[in-house]
Amino acid sequence: MFSVDDRVVATKGVELGEMVVTGLSAGGGYVHVTTVEGAMTLTYPAQDLKKA
């Protein structure tokens with residue numbers, strides 16, 4: 001499971017390098033992330049991310 005401020009990378013989907021977790025969905029199935037530079041915010045399924 002991920003926590004806010006964890007560093008993660010995508011294993012599927014859009015690969016933007018290292019990203020930072022900014023939030024989690026209520027059920028924990030989706031993770032909200034932002035790029036390290038803070039330029040873009042995305043939501044990924046939790047199974048498509050791994051800790052950096």
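## Close-up views of a five-stranded chain

**View 1. The pairing of β2 with β3.** β2 and β3 run antiparallel and are joined by five bridges. The model shown here is predicted. M19 in β2 stands opposite T35 in β3. Five residues lie between the two strands of this hairpin. Among them is G28, which takes a positive phi near 85°.

**View 2. The whole chain.** There are five strands and zero helices. Along the sequence, the pattern reads β-β-β-β-β. The chain is as compact as a globular protein of its length, because its radius of gyration is 9 Å, close to the 10 Å that the globule rule gives for 52 residues. Along its principal axes, the C-alpha trace spans about 25 × 20 × 15 Å. The accessible surface comes to about 3200 Å². Carbon and sulfur atoms hold 54% of that surface. Of the 52 residues, 35% count as buried. Contacts across long stretches of sequence also feature. Among the contacts with a separation of 6 or more, 36% come from residues 24 or more positions apart.

**View 3. The open sheet.** Five strands line up in the order β4-β3-β2-β1-β5, with antiparallel pairing. The edges belong to β4 (41-45) and β5 (49-51), each of which pairs on one side only. From one strand to the next, the twist averages 50°. In a regular strand, side chains alternate between the two faces of the sheet.

**View 4. β1 and its two partners.** On one side, three bridges join β1 to β5, and these two strands run antiparallel. A10 has L49 of β5 as its bridge partner. On the other side, β1 pairs with β2 over two bridges, again in the antiparallel sense. Here V8 stands opposite M19 in β2.

**View 5. The largest nonpolar core.** This core has 10 residues: F2, V8, A10, M19, V21, V31, V33, Y44, A46 and L49. Three elements give two or more residues each: β1 (7-10), β2 (19-24) and β3 (30-35). Both residues of the A10 and L49 bridge pair are core members. So are V8 and M19, which stand opposite each other in β1 and β2.

**View 6. F2 and its contacts.** Which residues does F2 touch, not counting those up to four places away in sequence? They are V8, V21, L24, V31, A46, L49, K50 and K51. Several of these share the largest nonpolar core with F2, including V8, V21, V31, A46 and L49.

**View 7. T35 in strand β3.** T35 has its place in strand β3. Is T35 buried or exposed? T35 is buried, with a relative accessible area of 8%, because the cut-off for buried is under 20%. Leaving aside neighbours within four places in sequence, T35 is in contact with L16, M19 and M40. One of these, M19, also stands opposite T35 across the β2 and β3 pairing.

**View 8. A52 in the segment after β5.** A52 sits in the segment after β5. A52 is exposed, since its relative accessible area is 60% and the cut-off for exposed is over 50%. Beyond residues up to four places away in sequence, A52 touches R7, V8, V9 and E18. A52 and A10 are 42 residues apart in sequence. In space, their C-alpha atoms are 9.2 Å apart.

Key:
Residues are numbered from 1 along each chain as its sequence is written. This is a predicted model: local features need pLDDT of at least 70, side-chain atom pairs count only at pLDDT 80 or more; totals for chains, interfaces and linings use all residues. Side-chain values use heavy atoms; hydrogens and water are left out. A nonpolar core is a set of buried Ala, Val, Leu, Ile, Met, Phe, Trp, Tyr and Cys residues joined through side-chain atoms within 4.5 Å. Buried means under 20% relative accessible area, exposed over 50%, partly exposed in between (1.4 Å probe, protein chains only). Helices (H or I, at least four residues) and strands (E, at least two) are DSSP runs, numbered from the N terminus. Contact means heavy atoms within 4.5 Å. Two strands pair if DSSP finds at least two bridges between them. Axes are lines fitted to C-alpha atoms, for helices over the stretch in contact, and angles run from 0 to 180 degrees between N-to-C directions. The radius of gyration is taken over C-alpha atoms; the globule rule is 2.2 Å times the number of residues to the power 0.38. Accessible areas come from the Shrake-Rupley method with a 1.4 Å probe; for residues, only the protein chains shown count as cover.
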